[in-house]
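Thanks for coming. I will take a few minutes to walk through one protein chain, and the sequence and model go up on the screen now.

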Amino acid sequence: MRLYTRGQIVLTAIIVGAVVCSVSVFCSSNFFGKKNGSEAKDKADETPVELAAGEAEEISSVPVSKEDNLFLETTPEVTVAVPVSDSVTYTQDEIQNITVYEKCSDAVVNINTQVVAYDWFLEPYIQDGGSGSGSIIDKRGYILTNVHVIQNATKIYVSLSDGTQYEASIIGQDADSDLAVIKFDPPAGVQLKTIQFGDSSALRVGQKVIAIGNPYGLSRTMTTGIVSSLGRPLKDSATGRIINNMIQTDAAINPGNSGGPLLDTNGRMIGINTMIVSNSNSSAGVGFAVPSETAVRVVKDLLKFGKVNRGTMDINVIQLTSRIAQYARLDVSSGMLVSTVAKGSLAEKAGLRGGTEAVYYGNRRNVIYLGGDVILKIDNTNITSLADYYLALESKRPGDVVSVTVRRDRKDVQLKITLEGDTEEKSDSSGSGGTI
C-alpha cells in the first residue's frame, strides 16, 4: 500500500477542483450563449419589415357614379413585402421605391405599332411605327396610353411583363387630352395586374413621384423625381392643341415613356407621362404628365361612348392681341374675340354676337371677322388666352349652363349660354376685306 503525504493530498484536491470549475464554466456559457442567440434570431424573424407609410392603404379605383353604369375591374390591393437579408439593409426611401415597383411594374406594357408607308412608286407597304408605354387599368385587358403612341397605326401590339405579346384594338381616343384606351383579350385563366388611379388634385409641388415606362425600348424602367410644378398649359407642337393642367416633373422621361404611369409613393397613378421639353429630344428634367383627374373623366367617356363629350359653344374665336385690338379700335387688349357664331346655335340664341367686318389675318387664306363680342370671363375663369378658354370648358358637359362675360360697345355684358355637344371647329374662309 502506497502512502501519500498531507501536502500531496491538498495539492491534488486543488488541481481537481480547478478542472471541475473550468469545465462547468465552459458548458454553462456555451449553453446560455446558444439559447440567447436562438432567442435573438427568433425575435429577428418575428420582426416584420417596416414599409413606407401608407403602403397598406386601400387604393381606390376610378370614381364612377352608379348612373354611369360603368366600372373598371381591377385587382385587389396587395401589400408587397420587401425581403431584407441579414447582410443587406435598405433605407426607408429604398423600401418605398422597391415596393412601388413590385406592385406596379407588371401592369406596365410595352406598345409597338405598324403603319402604312409608301415607296417611290406610291405603292403601300407596312413598316414599324412608333413605340411607347401603357398602363393596364382593367383586368379585362383595357390599357390607357397616349394618342400619339398609337397614331396612324394599322396594327397595335402590347407586350406584357412575362414576354407574351397580343394584338390590341382602339376603344377610343381623345386628341384634346392626348389620351387613348386600347384593349387586348387576355387568355382564359390569365390574371392581369392593374394600376389604379390616385387623386392628382391633392398633389403638392415637391412631392415625390415615380415613373415606369419603356424608354428606348428598355422594358419597365423606373425613374424617380418630384412634382416640379402644377397646372401647366402646354401646346403640343405636333398637333397645335393645348393640353391644360399638366403636371411638370423632373423624373427622367425619354422617348418610349409616353403613355406610361406617373405614380405616387403608394403606387397610385396620378398622371400619364406625355411629353418632354428638350433640345436634344431626351430627358432634360422637364417632363409633363396628364393629371389623373383629367384621365378619369376621359376614360369614363371613352369606355362608354368611344369619345369625350365636352360642352362647347358653336363659335369661332381668335385670341385677341394688341395689334388686333388697335386695328378694331377696342378698349381691351386681351380676351377671345368672337369671329363667328353658328346660325341657330344655342350661343346665338343666348345673344352672343360674332363679327361683321372681314379681314385677312396672317395670310390671304385666313379670314376673320371683327366687330363681335370679346369674351373676358367664363364662370370664375378669366379668359386672357386660348388656353384659358379651353380650360374653362374642359370639364363642362353638353347641357351645362355657363355665365359668360363679354365686352361689347365698351361695356361688360353678362350672358347665360347653354353648352352644346362637341363639334368640329369651323374656319372662317369666305369674304373679303382689309388685312391686319
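How many helices and strands are there in the protein? There are seven helices and 21 strands. Please keep in mind that this is a predicted model. The protein has 436 residues, and buried residues make up 42% of them. If we take the contacts with a separation of 6 or more, 63% of them are between residues 24 or more positions apart. On the outside, the protein exposes about 23,600 Å², with carbon and sulfur atoms supplying 51% of that area.

Let me go to the inside. The largest nonpolar core has 45 residues. Within this core, the residues with the most contacts are Ile-111, Leu-144 and Phe-197. Five residues of the core come from H4, and that is the largest share. What does Leu-144 touch, leaving aside residues up to four places away in sequence? Its contacts include Gly-134, Ser-135 and Ile-137, then Leu-179, Ala-180 and Val-181, and further along the chain Met-269, Ile-272, Ala-295 and Val-299. Phe-197 is also among the residues that Leu-144 touches. There is a second, separate core of 20 residues, and it includes Val-338, Leu-352, Leu-415 and Leu-419.

Next, two helices. Helix H2 covers residues 92-104, which makes 13 residues. At 1.5 Å a residue H2 should span 18 Å, and its end C-alpha atoms are indeed 18 Å apart, so the two values agree. Which residues of H2 are buried? They are Ile-95, Gln-96, Asn-97, Thr-99, Val-100, Lys-103 and Cys-104. As general background, an α-helix has 3.6 residues a turn, so residues three or four places apart point the same way. The buried residues of H2 pack against four strands: S1 (108-118), S7 (208-213), S8 (221-235) and S10 (261-263).

The other helix is H7, where Ala-387, Asp-388, Tyr-389, Ala-392 and Leu-393 are buried. Their cover includes S8, S9 (242-249), S13, S14 (336-341), S17 and S18. Strand S8 therefore appears on both lists, packing against buried residues of H2 and covering those of H7.

Now the charged side chains. In general, side chains of opposite charge can pair when their charged atoms come close. How many salt bridges does a search of the whole structure find? The search finds 14. I will show three.

In one of them, Asp-176 meets Arg-310, with 3.5 Å from N to O. This pair links distant parts of the chain, 134 residues apart. Asp-176 sits in the loop between strand S5 (165-174) and strand S6 (179-183), while Arg-310 sits in the loop between helix H4 (292-305) and strand S13 (315-319). Is each partner buried or exposed? Asp-176 is partly exposed, because its relative accessible area is 27%. Arg-310 has a relative accessible area of 6%, so this residue is buried.

Another salt bridge joins Asp-185 and Lys-183, whose closest N and O atoms are 2.7 Å apart. Here Asp-185 is exposed at 59% relative accessible area, whereas Lys-183 counts as buried at 17%.

Then there is Lys-396 with Asp-379, at 3.0 Å from N to O. The two are 17 residues apart, with Lys-396 in the loop between helix H7 (386-393) and strand S19 (401-408), and Asp-379 in the loop between strand S17 (374-378) and strand S18 (381-382). Lys-396 counts as partly exposed at 21% relative accessibility, and Asp-379 is partly exposed too, at 26%. Salt bridges that share partners also form a network, made of Asp-174, Asp-176, Arg-297, Arg-310 and Glu-394.

Last, the surface. Val-116, Tyr-118, Leu-122 and Ile-126 make a nonpolar patch of about 430 Å². Leu-122 lies in the loop between S1 and strand S2 (124-138), and is exposed, with a relative accessible area of 67%.

Where does Asn-152 lie? Asn-152 is in the loop between helix H3 (147-150) and strand S4 (153-159). Asn-152 counts as exposed, at 66% relative accessibility. Not counting residues up to four places away in sequence, Asn-152 touches Gln-114 and Val-115. Asn-152 and Gly-130 are 22 residues apart in sequence, and their C-alpha atoms are 9.6 Å apart.

That is the tour.

Conventions
Residues are numbered from 1 along each chain as its sequence is written. This is a predicted model: local features need pLDDT of at least 70, side-chain atom pairs count only at pLDDT 80 or more; totals for chains, interfaces and linings use all residues. Side-chain values use heavy atoms; hydrogens and water are left out. A salt bridge is a side-chain nitrogen of Lys or Arg within 4 Å of a carboxyl oxygen of Asp or Glu. Buried means under 20% relative accessible area, exposed over 50%, partly exposed in between (1.4 Å probe, protein chains only). A nonpolar core is a set of buried Ala, Val, Leu, Ile, Met, Phe, Trp, Tyr and Cys residues joined through side-chain atoms within 4.5 Å. Contact means heavy atoms within 4.5 Å. The expected span of a helix is 1.5 Å times one less than its number of residues. Patches are made of residues with over 30% relative accessible area and no salt bridge: like charges are joined within 9 Å, nonpolar side chains (Val, Leu, Ile, Met, Phe, Trp, Tyr) within 5 Å. Accessible areas come from the Shrake-Rupley method with a 1.4 Å probe; for residues, only the protein chains shown count as cover.
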